[in-house]
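Hi,

Here is the structure I promised to pass on. Have a look through it first, and then read my notes underneath.

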Amino acid sequence: SGSPLVRRAGEPCPGEAGQGPPRGGDVPLPRSCAQRRLPFLHPLQSDDLKEKKEPHISALRKVLLDEFRPWLSAVTQIELEPTIDLSCAKYEYTDVLLCHDDELEGRRIAFILYLVPPWEKCDGGTLDLYSTDEHVQPLQVVKSLVPSWNSLVFFEVSPVSFHQVSEVLSKEKCRLSVSGWFHGPSVARPPGYTEAPLPRSPHIPYDHEILYNWVNPVYLDMVSQAQIQEEFEDRSETFLKDFFKKEKFQLVCEALEKEDIKWTRRGPPNKRCYEMAEEGSLPDILKNCLEFFRSEALFLLLSNFTGLKLHFLASSDEEGEEERAADCAGQDSSRAKERETSGNADQRGQPENFLKTAEGEPRNSTSVPMCVGELRQWMNGCYTLVHDTQATEFALDLMFFCGCEDWDAEYGGFTSYIAKGEDEELLTVNPENNCLALVYRDKETLKFVKYINHRSLEHLKKHPNNPGFWDFSFVYYE
């Protein structure tokens, strides 16, 4: 089924007072919802200032080391080493540094010296401090410090020192600061907490009729499926525009705007922040849509799109090549095209006319294909982060987007794939209406959803019933 997306991975991007998380005829095969580009690195941060020879910077380092450090050590009762990390950070409109704890070997005291113009809380850019739960995970902001010219803030770096720099909301002001750490004996960390993952499940036994009800007929054509699989095996990604029938997609979008859907905020904030739908509160059309993504018929269709073995009837690579050659010349392809134009139920035939299946007995397999998924809502302030406890394995990611009309990439909300241990960005998936994105990743691939910034409120002005967008997010395992 080709190589998965990636070969390497990304360190968190540096930020104020800490290493923060990375700032977050033929079948159509559009590329408009995927781009490759360098990751956005915000805020702007200097290199370590110890290399700078300018007299004012040298004088500041000397004062901090020789005069401030002994006083700080006496006040905190922490023995501090005669070393210092020092850098400068510049935050401008929509820059943000999301929740993190600053912990790194040897860091004991973090400090920030503010060099800002007159600043108000409404300008954003506050230093927010979090409470923690019984698992030493951040809960909620309990104190916000507004930057002030020539003021200095410091705090002990510890397992509970979670903080963030909130989004800068001023278009005119620049939030400039000098920040760094003093070092000392490391503090013992509590055992790492591993949160319970969302439960996985095998497919739901729905037959091919569910595909006829939902899917654009062009994607049920054997020639189209072969074309999609060829691209997928080459690139480990594909993006299928207008995937749902127009009338079905319209019904889904209308249902998503209903006020009686219950949404739950998913955290903790050092890992994610978005709204997840409570399935029991969903109208029938959305429950049916979730069942579609969990259906046996879709598992098999995804196998045909990708070459992955997500169903026991999925062909092997060799069988697939033979069948694609036969289908291109045979009657099955002709019948599928007839269905595309007619849409008549009595002409549909059997599933093998559009779903590539292997002849004979099912394959022997020690694993059962599984999936896990959720319906998510995205708006200003939502994001996901790369984190230390993030599990990685071979998997197929599926994202299906709704409510994205007039969505601008500058708002954020795109999904970024990075290589473990490196800053290289491998792929960016932008939200696009009625587009199905499929990405195959390996154990060295991480992903995050870019923070949705204040600019996204422009979208709400154009679409009063939609503060952002929605996606059906699923992961499939062979």
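Below is what I found, going from salt bridges to cores, then to a helix, a hairpin and a few backbone spots. One thing to keep in mind throughout is that this is a predicted model.

**Salt bridges**

The count comes to 18 salt bridges. I picked out three pairs and one network for you.

Start with aspartate 66 and lysine 62, whose closest N and O atoms are 2.9 Å apart. Both residues belong to helix α1, which runs over residues 55-76, and they are four residues apart, about one turn of the helix. How open are they? Aspartate 66 is partly exposed at 43% relative accessibility, while lysine 62 is exposed, with 54%.

The next pair is arginine 294 with glutamate 279, and here the closest N and O atoms are 2.8 Å apart. Arginine 294 sits in the loop between α5 (284-293) and α6 (296-306), and glutamate 279 sits in the loop between β15 (272-277) and α5, so this salt bridge ties together parts that are 15 residues apart in sequence. Arginine 294 counts as buried because its relative accessibility is 16%, under the 20% cut-off. Glutamate 279, at 36%, is partly exposed.

Then there is aspartate 397 with lysine 447, at 3.2 Å between the closest N and O atoms. This pair links distant parts of the chain, 50 residues apart: aspartate 397 is in strand β18 (residues 395-402) and lysine 447 is in strand β22 (residues 445-449). Aspartate 397 is buried, with a relative accessibility of 1%, and lysine 447 is partly exposed at 23%.

Finally, Asp101, Glu103 and Arg189 are joined into one network by salt bridges that share partners.

**The nonpolar cores**

Which residues have the most contacts inside the largest nonpolar core? They are Phe243, Phe293, Phe472 and Tyr476, in a core of 49 residues. If you want to explore one of them, try phenylalanine 243. Setting aside neighbours within four places in sequence, phenylalanine 243 is in contact with a list of residues that includes Trp214, Val215, Tyr219, Phe292, Leu301, Phe305, Phe400 and Leu436. Two asparagines, Asn216 and Asn434, are also among the contacts of phenylalanine 243.

A second core is separate from that one and has 19 residues, including Phe239, Tyr274, Met399 and Leu427.

**Helix α4**

In α4, the residues Phe249, Val252, Cys253, Ala255 and Leu256 are buried. Where do they sit around the axis? They are on the same side of α4, because they cover an arc of only 165 degrees. The elements that cover the buried residues of α4 include two helices, α2 (209-214) and α5, and the strands β16 (370-378), β18 and β23 (469-477).

**The β19 and β20 hairpin**

Strand β19 (residues 415-419) pairs with β20 in the antiparallel sense, over four bridges. Within that pairing, isoleucine 418 stands opposite glutamate 425 in β20. The hairpin has five residues between the strands, and glycine 421 takes a positive phi near 85 degrees there.

Is β20 mostly covered or mostly open? Mostly covered: five of its five residues, 425-429, are buried.

**Backbone spots to look at**

Which peptide bond is cis? The one from glycine 267 to proline 268, with omega near 0 degrees. Proline 268 is in the loop between β14 (263-266) and β15.

There are also two residues with a positive phi although they are not glycines. Serine 236 has a phi of about 60 degrees and is placed in the loop between α3 (222-235) and β13 (237-240). Aspartate 242 has a phi of about 50 degrees and lies in the loop between β13 and α4 (246-256).

What about their exposure? Serine 236 is buried at 4% relative accessibility, whereas aspartate 242 is partly exposed at 43%.

Happy browsing!

Technical notes
Residues are numbered from 1 along each chain as its sequence is written. This is a predicted model: local features need pLDDT of at least 70, side-chain atom pairs count only at pLDDT 80 or more; totals for chains, interfaces and linings use all residues. Side-chain values use heavy atoms; hydrogens and water are left out. A salt bridge is a side-chain nitrogen of Lys or Arg within 4 Å of a carboxyl oxygen of Asp or Glu. Buried means under 20% relative accessible area, exposed over 50%, partly exposed in between (1.4 Å probe, protein chains only). A nonpolar core is a set of buried Ala, Val, Leu, Ile, Met, Phe, Trp, Tyr and Cys residues joined through side-chain atoms within 4.5 Å. Contact means heavy atoms within 4.5 Å. The arc is that of the directions from the helix axis to the C-beta atoms. Two strands pair if DSSP finds at least two bridges between them.
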